[in-house]
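Trainee: I should like to take one part of this model and examine it closely. Would you walk me through it, and set it in the context of the chain around it?

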Amino acid sequence: MDVVAPEARTGPTPPLERRRRAVAGLVLGAGLGGFVDGIVLHQILQWHHMLTDREGTGLPSPSVRSLEENTTWDGLFHAATWLLVVAGLALLWPLARRGRTGPGRVLVGLLLAGWGLFNLVEGIVDHHILTVHHVRDDVADPLPWDLGFLLLGVALLAGGRALARGDRRPATGAP
């Protein structure tokens with residue numbers, strides 16, 4: 001049984017619905033991007049933890065206490081990204097129930113743009129302003145890695161935005 005009325009799937013998307021979809025996709029994308037950062041960079045590759053460079057040494061403290069503290073902060077980071085995912089899903093749910101999430105490429109584009117926003121905010125705040133860690137705290141010069149992280153954020157944001165905006169082109173009937 002189809003719970004979405006057929007008329008809910010037709011017609012142009014109202015501006016308020018487009019904004020709600022955009023916010024939902026960006027928030028969800030930021031949370032998922034945070035998970036990629038935490039799982040891949042913190043846990044699998046172990047390039048850094050949340051407070052790896054808080055003492056300005058560029059190297060993690062070799063103590064068990066430091067590892068315990070970093071594990072706690074990594075856990076808080078994961079909890080925050082989980083909350084972003086939950087918030088994004090909560091924002092997306094009413095649209096999905098009405099069949100108004102839009103074309104798949106729009107949602108994927110918004111997720112990528114949200115991931116890019118995450119990289120930019122996290123990279124600028126944690127790597128450059130607070131300097132609590134860098135992308136690679138195990139190298140002599142972490143700046144190229146930090147800049148690469150920001151460039152990846154810009155690429156994800158720009159590519160995601162282009163993909164999401166693809167639904168606004170008028171249909172011409174031509175391939």
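Mentor: What follows is a close look at helix H2, with its setting first and its neighbours afterwards.

The model is a predicted one. Its protein chain holds 4 helices and 0 strands, and along the sequence these give the pattern α-α-α-α. Of the 175 residues in the chain, 35% are buried. Among contacts with a separation of 6 or more, 76% join residues 24 or more positions apart. The accessible surface of the chain amounts to about 10,200 Å², and carbon and sulfur atoms hold 70% of that area.

Helix H2 covers residues 64-97, 34 residues in total. Because a helix is expected to advance 1.5 Å a residue, H2 should span 50 Å, and the 49 Å between its end C-alpha atoms agrees with that figure. The helix nevertheless bends, by about 25 degrees at Leu91. A proline, Pro94, follows Leu91 within four residues. Just after H2, Gly99 adopts a positive phi of about 70 degrees.

Which residues of H2 are buried? They are Ser66, Asn70, Asp74, Phe77, His78, Thr81, Val85, Gly88, Leu92 and Leu95. The cover over these buried residues includes H1 and helix H3, the latter formed by residues 104-129.

H1, one of the two helices just named as cover, also merits attention. H1 has 30 residues, and its first and last C-alpha atoms lie 41 Å apart, close to the 44 Å expected at 1.5 Å a residue. Ile44 belongs to this helix, which comprises residues 15-44. With a relative accessible area of 60%, Ile44 lies above the 50% cut-off and therefore counts as exposed. Ile44 is also part of a nonpolar surface patch with Val36, Ile39, Val40 and Leu45, and together these residues have about 390 Å² of accessible area.

Gln46 comes just after H1, in the loop between H1 and H2. Its phi is near 55 degrees, a positive value in a residue other than glycine. Gln46 is exposed, at a relative accessible area of 56%.

Thr131 offers another case on the side of H3, in the loop between H3 and helix H4, residues 143-165. Thr131 has a positive phi of about 45 degrees, although it is not a glycine. At 33% relative accessibility, Thr131 is partly exposed.

To return to H2: its end-to-end span agrees with expectation, its axis bends at Leu91, and H1 and H3 are among the elements that cover its buried residues.

Methods: Residues numbered from 1 in each chain as written. Predicted model: local features only at pLDDT ≥ 70, side-chain atom pairs only at ≥ 80, totals over all residues. Heavy atoms only, no water. Patch = residues over 30% accessible without salt bridge, like charges linked within 9 Å, V, L, I, M, F, W, Y side chains within 5 Å. Areas by Shrake-Rupley, 256 points an atom, 1.4 Å probe, with all protein chains shown as cover. Salt bridge = Lys/Arg side-chain N within 4 Å of Asp/Glu carboxyl O. Buried < 20%, exposed > 50% of the residue type's maximum accessible area, 1.4 Å probe, protein only. Expected span 1.5 Å × (residues − 1). Bend = angle between axes of the 7 residues up to and from the residue. Contact = heavy atoms within 4.5 Å.
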